[in-house]
Amino acid sequence: MNDGKATNGAAGAKKRFMYVNRKAPYGTIYALESLEVVLISAAFEQDVSLAFLDDGVYQLTKGQNTTAIGMKNFSPTFKALGDYEIKKLYVEKESLDERGLAPEDLMQITYEDEDEDYAEKPLIHIVSRSELTEILARQDVLFNF
Amino acid sequence: MDAYVLDSHSYEHDEEGYLKNLSEWNKELAVLIAVDEKIEMSDEHWEVVNFLRDYYEEYQVAPAIRVLVKAMKKTFGPEKGEQKYLYQLFPYGPAKQACKIAGLPKPTGCV
Amino acid sequence: MPTLHTINKSPFERSSFASALNHLLPGDALLMIEDGVVGARKSSAFAGRLEAAAKTCRVYVLGPDLAARGIAEKDVVAGATLVDYGGFVDLVTGHDRTQAWL
């Protein structure tokens, strides 16, 4: 089940947790709930990554402005994920294409690599549908929102 | 509804003392909340409180303690980027107490 | 390392059923539950896609949800296997992970 790459010695085996996000923000509570669970679960020091496909890609668009709908714009919080040791956000290219979106329509999200003198590295990885399918199949636990 | 009262103006808070409306926050109110927490605000306390407010402004989330320590370390250096240092300032939990004084919601994942 | 995919929404109402079919690997299992069983009816507009998936994956339908919606066993697409709640549990424990297409 575990190929041994993701173990961290005394603390035992780390598991690969992936949060799969398939819904646009604000219309339902799924997106916000997912993000909150992600932030909480970061305390458990597992190998956490996020996937965005279908309407879930809309969670990462830039220029979100929720002032007029009276809801909190939580999109800036994705930029804090690097601080929470989350280094991988996978976005499915086909889902972007289907919705008329391009990678440039998404927020620029980076994390600072402490091991490389705080060099800024991109958090978002655009992957194809078949690549994402393979990534899903490598996880130990999938959480769906 | 529970509220802090300052200069005959009341500021609503939840059952744990976190401010309901973070836009109402001001420095005098922060001092009052700190008194409730048995904390006398020093420059070091303000440094943390202001740091938390800036973090929230940018990310719309109050950082977990581990994240706060790491971010403090980067901004203020290793001496202040220590759990111990933060606990000396805020003995009942830096994230909880400092966030409350900063007028922020309780950090996500903090129970 | 096969995955169990569960689907609980009708393919006529949501895109999640189609999305699940787009993310199957050969050897994975697909289980229709709740309104997802609507997709298991033979000769529906969706049946062709499900039958195609059944060529490389195992396809299951939760019997109690079929019965509740008046879909007879003989009217289920070819290649799909009926399971009861016990069979549902066996499928979950028999796979490395479960992907719930909500």
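In which loop of chain A is the place of A:Asp54? In this predicted model, A:Asp54 sits in the loop that runs between β2 and β3 (89-92) of chain A. Its backbone deserves a careful look, since the phi of A:Asp54 is near 50°, which is a positive value in a residue other than glycine. Most residues other than glycine have a negative phi. A:Asp54 counts as buried because it has 23 C-beta neighbours inside 10 Å, where 20 or more are needed for that label.

A second residue of chain A invites comparison. The phi of A:Glu45 is near 50°, again a positive value in a residue that is not glycine, and A:Glu45 belongs to the loop between α1 (30-41) and β2 (47-52) of chain A. Is A:Glu45 buried or exposed? A:Glu45 is exposed, because 12 other C-beta atoms lie within 10 Å of its own, and a residue with 12 or fewer is called exposed.

From these loops we can turn to a helix of chain B. Helix α3 of chain B covers residues 65-76, and because its twelve residues should span 16 Å at 1.5 Å a residue, the distance of 16 Å between its end C-alpha atoms agrees with what is expected. Within α3(B), the residues B:Val67, B:Leu68, B:Val69 and B:Met72 are buried, and what covers the buried residues of this helix includes α2 (43-59), α4 (83-89) and α5 (94-101) of chain B. An α-helix has 3.6 residues a turn, so residues three or four places apart point the same way. After α3(B) comes B:Gly77, whose phi is positive, near 95°.

The next step is to ask how the nonpolar residues gather in the interior. The largest nonpolar core has 54 residues, and those with the most contacts inside it are A:Val38, A:Phe52, B:Leu52, B:Ala98 and B:Ala102. Helix α2(B) gives the most to this core, with five residues. Taking B:Ala98 as an example, and leaving aside residues up to four places away in sequence, we find that B:Ala98 touches B:Val48, B:Val49, B:Leu52 and B:Phe90. A second, separate core has 26 residues, and C:Ala29, C:Leu31, C:Ala53 and C:Ala80 are among them.

Finally, there is the contact between chains A and B, to which chain A brings 15 residues and chain B brings 13 residues. On the side of chain A that touches chain B, the residues divide into nine nonpolar, two polar and four charged.

Definitions and conventions: Residues are numbered from 1 along each chain as its sequence is written. Chains are lettered from A and ligands numbered from 1 in the order in which they are written. This is a predicted model: local features need pLDDT of at least 70, side-chain atom pairs count only at pLDDT 80 or more; totals for chains, interfaces and linings use all residues. Two residues are in contact if their C-beta atoms, placed from the backbone, lie within 7 Å. Ala, Val, Leu, Ile, Met, Phe, Trp, Tyr, Cys and Pro count as nonpolar, Asp, Glu, Lys and Arg as charged, and the others, Gly among them, as polar. Helices (H or I, at least four residues) and strands (E, at least two) are DSSP runs, numbered from the N terminus. The expected span of a helix is 1.5 Å times one less than its number of residues. A nonpolar core is a set of buried Ala, Val, Leu, Ile, Met, Phe, Trp, Tyr and Cys residues joined through C-beta atoms within 7 Å.
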